[in-house]
Amino acid sequence: MADDTIIRTRGLAKHYEVPIREAGLLASVRSITKRQHRTVRAVDGVDLDVARGEVVGFLGPNGAGKTTTLKMLSGLLHPSAGEISVLGHEPRRRDRAFLRRISLVMGQRQQLVWDLPAADSFLMIRSFYGLRHADWRAQLDELHDLLDLEGLTDKPVRQLSLGERMRCELAAGLLHRPELLFLDEPTLGLDVQSQRRVREFIRRYADRTGATALLTSHYMADIEALCERVVVIHHGTLHFDGSLRDLAARVSDRKLLAIRFAADAPILADRARLDRELAAIGEVRESDGAEYVIEVARAEIHDRVTQLMALGDVVDFTVEDEPLERVLERAFDTPAAELS
Amino acid sequence: MTARPATGSALGSPEPFDYAPAHRRLRSWLVAALAAARSEAQVGVQYRANLLLWGAVRLLQAVISIAVWRSVASANGGAAGGFTANEFAGYFLTVLLVLELTHTWVRGRLPTQIRTGELSPLLLRPMHPLLESFGRMGAFNVLLTIGLLPSIVILWFVFDAEVDVSAVSIIAGIVVLPLAAVGRFLVDALVGVTAFWLTRIDALQSLYTYASLVFAGQFAPLVLLPGPLQTAAKVLPFYWTLGFPVELLTGRCDLREAVIGVAMLTGWSAVLFVALALAWRRGVRAYGAVGA
C-alpha cells in the first residue's frame with residue numbers, strides 16, 4: 001500500500017442469499033419444506049484505492065451497491081469475499097483504535113439521544129470516546145461555529161427540524177475528530193438552504209482538517225461541490241473511477257446551445273420557419289418566448305453555431321455541458337468497458 | 001489524484017485525539033457505562049410520568065401475587081409451603097425489589113435495533129452496545145426503585161409483611177444482587193441476539209417470560225412448585241438470578257445453600273457470558289445493517 005493510501009480493496013464482494021417463492025397459498029405451504037434462494041450480488045468485485053485527504057463521491061442508481069460498499073468499509077458489514085484495508089485495519093473487526101478514527105454519518109437519527117438536548121449527547125459521546133475535556137471543548141466550539149448550532153443544542157432533539165437535527169448529528173459524528181468520514185446521503189430530505197449549509201460545512205471541514213471523505217448522494221449539487229473524484233458503481237461493480245469532467249467527456253457527446261433573440265427579431269414573427277430552422281440544427285430542449293435551448297452533437301458544434309447565428313438578431317448565446325443528472329443517466333447505461 | 005494538505009485552525013490536525021492508553025480500558029468502559037447511565041437517568045427524569053406508571057404496574061403485580069397467596073395460606077390453615085400469609089407478603093415485596101434492581105429490557109430493545117438498523121451507529125462506537133444497554137438499565141432500575149421504595153414500605157405495613165432477616169443475609173443479598181443483575185442481563189441478551197437470525201422472536205420472548213415467571217420464583221416460591229419443576233428450576237438459570245437472591249434476603253437460605261447459590265450464579269453467568277460472546281460475534285457477522 002502506498003504511504004498515502006488509506007483505503008484499499010481488492011475483489012471486494014458482498015453477496016446475500018434471499019429467500020424467494022411464487023405468489024399464492026400453495027407456494028407458501030410448499031416453501032415450508034422446499035425453500036428456494038437467490039443470490040443477490042450487492043457488491044461484486046470492487047477494487048478501490050483512496051489516498052489520504054481525498055473527497056470521493058460514490059455514484060450509482062438505487063441498489064447499485066454504494067451504501068453496501070460504505071458499510072463494508074466502515075466495518076458494519078462483513079464482506080463475502082475480497083481484501084479490504086482501511087487505515088491499516090481490517091474494518092470488520094471494528095477495533096477500538098479503528099472506530100476512533102472513523103465516522104459514518106447516515107440518516108438523521110444516529111448519535112443523538114432523541115429525548116434529550118444535543119448538548120447531553122455531546123457529553124455522553126465525550127465519555128464513549130474517552131476524549132480529554134480540553135480537546136472535546138475545543139472541537140465542540142469549532143463545530144458550533146462551523147455548523148451554526150446557536151440555540152439548537154439546549155432543546156430536545158425531537159423538537160429540532162430535519163435540517164437542524166442533521167447539523168447536530170454531524171457535530172456528534174465529528175466530535176472525536178475522525179480522519180476518515182463516510183457520509184451516506186448527508187443532505188437527504190433537507191430543504192435547499194439546509195442542503196447548502198451542510199454541503200458548505202463538509203467542504204470547509206475537509207479543507208481545514210485534511211480529512212478523507214467518502215460520500216454518497218443523489219443530489220448532484222453535493223457531488224459537484226465536494227468531490228474531485230467520483231466512483232460510479234452499478235450492479236455492484238465499479239464502472240468508472242476518475243473526475244466528473246472525465247466522466248462527462250466519456251459518456252456525453254452532446255452540448256447545449258442556449259440562445260436569446262432580440263425581442264423584435266424578424267425570425268420570431270415567423271414561428272413556423274423558426275421551428276423548422278431549429279429542428280434542422282438540433283433537438284429543442286426548452287423554449288420560452290425569445291429563448292431556446294438546443295441539444296447538438298459535440299462534434300458538430302462549429303457548424304451548428306454558425307447555423308444558429310445565421311438566424312440573426314442574437315443578443316445572448318452560451319454553450320453548456322449537459323446537466324450532470326443526464327450525464328449520469330448515460331453513465332449508468334454505458335457498459336463498464338466503455339467507461340474505463 | 002492528489003491529496004489536499006491540511007491547513008491550520010483548531011480543526012487543522014487530521015490526527016485523532018490523544019486517547020487514554022489501552023491499560024486503562026476497564027476504567028474507560030466504566031466511564032462510558034456511567035455516561036450511558038447518566039443519559040438514561042436524564043431521560044427517566046424527563047419522562048417521570050411514564051416511570052411512575054411503570055412503577056404502578058409493578059406494584060399491582062406484587063399486590064395481586066400477595067392477595068392470591070395470602071388467600072391460599074388462609075385456606076390452608078394459615079400457611080402454605082412453610083410460608084405464612086405475612087411471609088408471603090414479605091417474599092413478594094422482596095421479589096418486587098429484586099426484580100426492579102435487576103430488570104432488563106435488552107431482549108425487547110435489541111431485536112428492534114437489529115430490525116430497524118438502529119444498531120448500526122452503536123456498532124461503530126468504541127463501546128460495546130450491550131455495555132451501553134447495561135449502563136442504561138442500571139440507571140433506569142435505580143431510579144424506578146427509588147420511586148417505588150415509599151410504596152413498598154407502605155405495602156410492607158399494610159400487609160404486615162414478615163421476613164426472617166439478619167445483617168448477614170442482607171449483606172449477602174447485597175453482594176449477590178449485582179451478580180444476579182449481570183446473570184439476568186446475560187440471559188435476556190441471549191434471547192435478544194437471536195433476532196440476528198430470526199426476524200420475529202415474539203414467541204421466544206413470551207416463552208422466556210413464562211419460563212422466568214415459573215422457574216425464577218416470581219409466580220410462587222420454589223417450594224410450592226411440583227417436584228419435577230423444582231428440579232428443573234434448580235438446573236435452569238432463572239431461579240439463581242431472582243428466587244435465590246430473594247430467599248437470601250428473606251433469610252430462607254442457610255450457609256451451605258448460600259454458597260451453592262453463589263457458585264451456581266457465578267457458573268451460569270460465566271457460561272452465559274461465553275455463549276453470548278459467541279452468539280454476538282456470529283450475529284454481527286450475519287447483521288444486514290438494513291434500514292440504516
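## Buried or exposed: where the tryptophan stands

A residue is called buried when its relative accessible area is under 20%, exposed when that area is over 50%, and partly exposed in between. With that in hand, we can look at Trp69(B) in this predicted model. Its relative accessibility is 12%, so Trp69(B) is buried.

## A pair that spans the chain

Searching the whole structure turns up 16 aromatic pairs over all chains. One of them joins Trp69(B) to Phe219(B) in an edge-to-face arrangement, with 6.2 Å centre to centre and 75° between the planes. This pair links distant parts of chain B: Trp69(B) belongs to helix 2 (residues 48–75), while Phe219(B) lies in the loop between helix 8 (202–215) and helix 9 (227–235), 150 residues apart. Phe219(B) has a relative accessible area of 46%, so this residue is partly exposed.

Now meet Phe196(B) and Trp197(B): their ring centres are 6.2 Å apart and their planes stand at 75°, so this pair is edge-to-face. Here Phe196(B) is buried, at 8% relative accessibility, and Trp197(B) is partly exposed, at 46%.

## A cluster of rings

Which cluster do Trp69(B) and Phe219(B) belong to? They form one aromatic cluster together with Phe83(B), Phe88(B), Tyr91(B) and Phe92(B).

## Charges over rings

Phe83(B), a member of that cluster, also has a charged partner: the charged end of Arg252(B) sits over the Phe83(B) ring, 3.5 Å from its centre. In chain A, Arg126(A) lies over the face of Trp136(A), 5.8 Å from the ring centre.

Definitions and conventions
Residues are numbered from 1 along each chain as its sequence is written. Chains are lettered from A and ligands numbered from 1 in the order in which they are written. This is a predicted model: local features need pLDDT of at least 70, side-chain atom pairs count only at pLDDT 80 or more; totals for chains, interfaces and linings use all residues. Side-chain values use heavy atoms; hydrogens and water are left out. Rings of Phe, Tyr and Trp (its six-membered ring) pair if their centres lie within 6.5 Å; planes under 30 degrees apart count as stacked, over 60 as edge-to-face and the rest as tilted. Helices (H or I, at least four residues) and strands (E, at least two) are DSSP runs, numbered from the N terminus. Buried means under 20% relative accessible area, exposed over 50%, partly exposed in between (1.4 Å probe, protein chains only). A charge sits over a ring if NZ of Lys or CZ of Arg is within 6 Å of the ring centre and within 35 degrees of the ring normal.
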